[in-house]
Amino acid sequence: MDFNLSPDLVRWQERVRAFVRDELQPHDAAIEATGMVPAESLDGLRRMGLFGTNTPAAYGGLGLSMLGSCLAVEEIAKAHTAFYYLCGVNVHIGSKPIEFAGSEAQKRRWLPELASGRTIGAFALTEEDAGSDAARLATTARRDGAGHYVLNGRKIYITNAPEAGLFTVFATLDPALGSRGIAAFVVEAGTPGLTVGRIIEMAAGRGSHHAELIFEDCRVPEANRLGAEGWGFALAMRCLDAGRTHWGAYCVGAAQRLLELAITRASSRRTFGQQLREHQGVEWMLADMAAALHGARLVAYEAAWRYDRDDAAARTRAAAMSKLIGADMVQRVADTTLQIFGGAGYSKDEPIERIWRETRVVRILDGTSEMMRRIVARDLFREADRRNAPV
Ligand SMILES: Cc1cc2nc3c(=O)[nH]c(=O)nc-3n(C[C@H](O)[C@H](O)[C@H](O)COP(=O)(O)OP(=O)(O)OC[C@H]3O[C@@H](n4cnc5c(N)ncnc54)[C@H](O)[C@@H]3O)c2cc1C
């Protein structure tokens, strides 16, 4: 087993790291203060191909492996989270429904727009009464007999809804069929009957937006359906594997930034005549952070590696574990870093409290930590049942 990244990946990692340091991080404080992401940063993200890292090159993306994509995410996570919401979410749940289920014509029509960042994609699954239990969604799609589906219902918390040019919308053709009644549709912004509703204020993530979507007799051409009727739920879950793999890497990048800040602070701050880092209590805090981060990074890279291999069950479990482990790890690292900074850590003079708030969401979105545990546990049970089955 070789734990070294290939020279190509190392070069890519260094390029993104320099870009984030020079072109994104300098804007962090202003984004937090104004809620505006500068146009030049967006241009930089587009120039670097960060809206399409994992999108196949044939459709305008960089065509990187999932590991290459995760290395980029790790670096982006060291800057304000608004950058990741814009480009990173576009790479996974924004683009994957079309990549996985689109016809050749659909892929050629939409993926190059998404991969270039000219158009932002959004993923509309969650509803007020259907979050973790997403198969109970109530948005309906009914054929109108004239080449269209008519969508009615409401979605909530949809990332990038105000900015998006394309929405993948999950709707049921027959609620009695449960998850097997769901289909996915691409709905273009501006389609009559689609309204972006209330923007929901979140604990963190200024500069990015999460909103309601309202569908009122919204007519969508049959040509915009992704895959077969009844396959929408399975498609959503497959896309979330990509999202969770990326979020695992996001946690690693954010924790790396926090650890570096904590080491710098513990080296410069003195108490009781010594550097903070010379007190064993603080030394152990730093060591525990580094050990937890290292473990989460290995799991994140393994999840990325599995993603690129054709074993759906292993990919789903690895993605769930990576997000579960990463989300807990980064919260502990953020909390410890804040503690090491003392009052300064809790104040808005330093970025720690912002990152502490920003990383809290990973335990919730793209499936909560409880849902990740459920995925892992059910996979364990399947394995045990197979092992114990009479031959
Ligand atoms: C910032 C942000 C961005 C988001 N972006 C998007 C997006 O772009 N698109 C989209 O479709 N959705 C999006 N979401 C929605 C997100 O995916 C849901 O919030 C999430 O899946 C949880 O659903 P819920 O909020 O309805 O919580 P609920 O499902 O009501 O769960 C509440 C709590 O109960 C727990 N729980 C539920 N069932 C069980 C169980 N069986 N066993 C144990 N515990 C359980 C949950 O883990 C959770 O802790 C976003 C959310 C946020 C906060």
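Domain bounds here come from an automatic or database domain assignment. With that in mind, let's walk through this predicted model. The assignment divides the chain into domain 1 (7–116), domain 2 (121–230) and domain 3 (234–388), and we can use those three pieces as our map.

A good place to begin is the meeting of two of them. The C-alpha centres of domain 2 and domain 3 are 30 Å apart. Their contact draws on 11 residues from domain 2 and 10 residues from domain 3. If you look at the side of domain 2 that touches domain 3, you will find 8 nonpolar and 3 polar residues there, and no charged ones.

Next, turn to the helices. Follow α8 (residues 232–268) and then α9 (residues 280–307): their axes are 9 Å apart and the angle between them is about 155°. Angles over 145 degrees count as roughly antiparallel, and α8 and α9 are therefore described as roughly antiparallel to each other. The crossing of α8 past α9 is left-handed. By class, the residues in the contact of α8 with α9 comprise 20 nonpolar, 3 polar and 2 charged.

Further along the chain, a second pair invites a look. Helix α10 (residues 312–341) and helix α13 (residues 369–388) have axes that come within 9 Å and cross at roughly 140°. How are α10 and α13 oriented to each other? They are oblique, because an angle of that kind falls outside the parallel, antiparallel and perpendicular ranges. This crossing, too, is left-handed. On the α10 side, the contact involves A313, T316, R317, A320, M321, K323, L324 and A327; on the α13 side, the partners are S369, M372, R373, I375, V376 and D379. Sorted by class, the residues of this contact are 8 nonpolar, 2 polar and 4 charged.

Now let's zoom in on single residues, starting with T53. You can find T53 in the loop between α3 (39–47) and α4 (66–76). Is T53 buried or exposed? It has 29 other C-beta atoms within 10 Å, so T53 is buried. Beyond its neighbours within four places in sequence, T53 is in contact with G61, L62, L64, G68, S69, A72 and V91. For a sense of distance across the model, compare R270: the C-alpha atoms of T53 and R270 are separated by 43 Å, with their positions 217 residues apart along the chain.

Two residues deserve a glance at their backbone angles. Y157, which is not a glycine, has a positive phi of about 65°. It sits in strand β3 (residues 148–159). There are 19 other C-beta atoms within 10 Å of Y157, so this residue is partly exposed. F272 is not a glycine either, and its phi is positive at about 50°. You will see F272 in the loop between β9 (270–271) and β10 (274–275). Only residues with 12 or fewer such neighbours count as exposed, and F272 does so because it has 7 C-beta neighbours inside 10 Å.

Our last stop is P192, in the loop between β5 (182–188) and β6 (194–199). P192 has 9 C-beta neighbours inside 10 Å, so it counts as exposed. Which residue brings its C-alpha to 6.0 Å from that of P192, despite lying 26 residues apart along the chain? The partner is C218.

Definitions and conventions: Residues are numbered from 1 along each chain as its sequence is written. This is a predicted model: local features need pLDDT of at least 70, side-chain atom pairs count only at pLDDT 80 or more; totals for chains, interfaces and linings use all residues. Axes are lines fitted to C-alpha atoms, for helices over the stretch in contact, and angles run from 0 to 180 degrees between N-to-C directions. Helices (H or I, at least four residues) and strands (E, at least two) are DSSP runs, numbered from the N terminus. Angles under 35 degrees count as roughly parallel, over 145 as roughly antiparallel, 65 to 115 as roughly perpendicular and the rest as oblique. A crossing is left-handed if the near helix is turned anticlockwise from the far one by less than a right angle, and right-handed if clockwise. Two residues are in contact if their C-beta atoms, placed from the backbone, lie within 7 Å. Ala, Val, Leu, Ile, Met, Phe, Trp, Tyr, Cys and Pro count as nonpolar, Asp, Glu, Lys and Arg as charged, and the others, Gly among them, as polar. A residue is buried if 20 or more other C-beta atoms lie within 10 Å of its own, exposed if 12 or fewer, and partly exposed in between; C-beta atoms are placed from the backbone.
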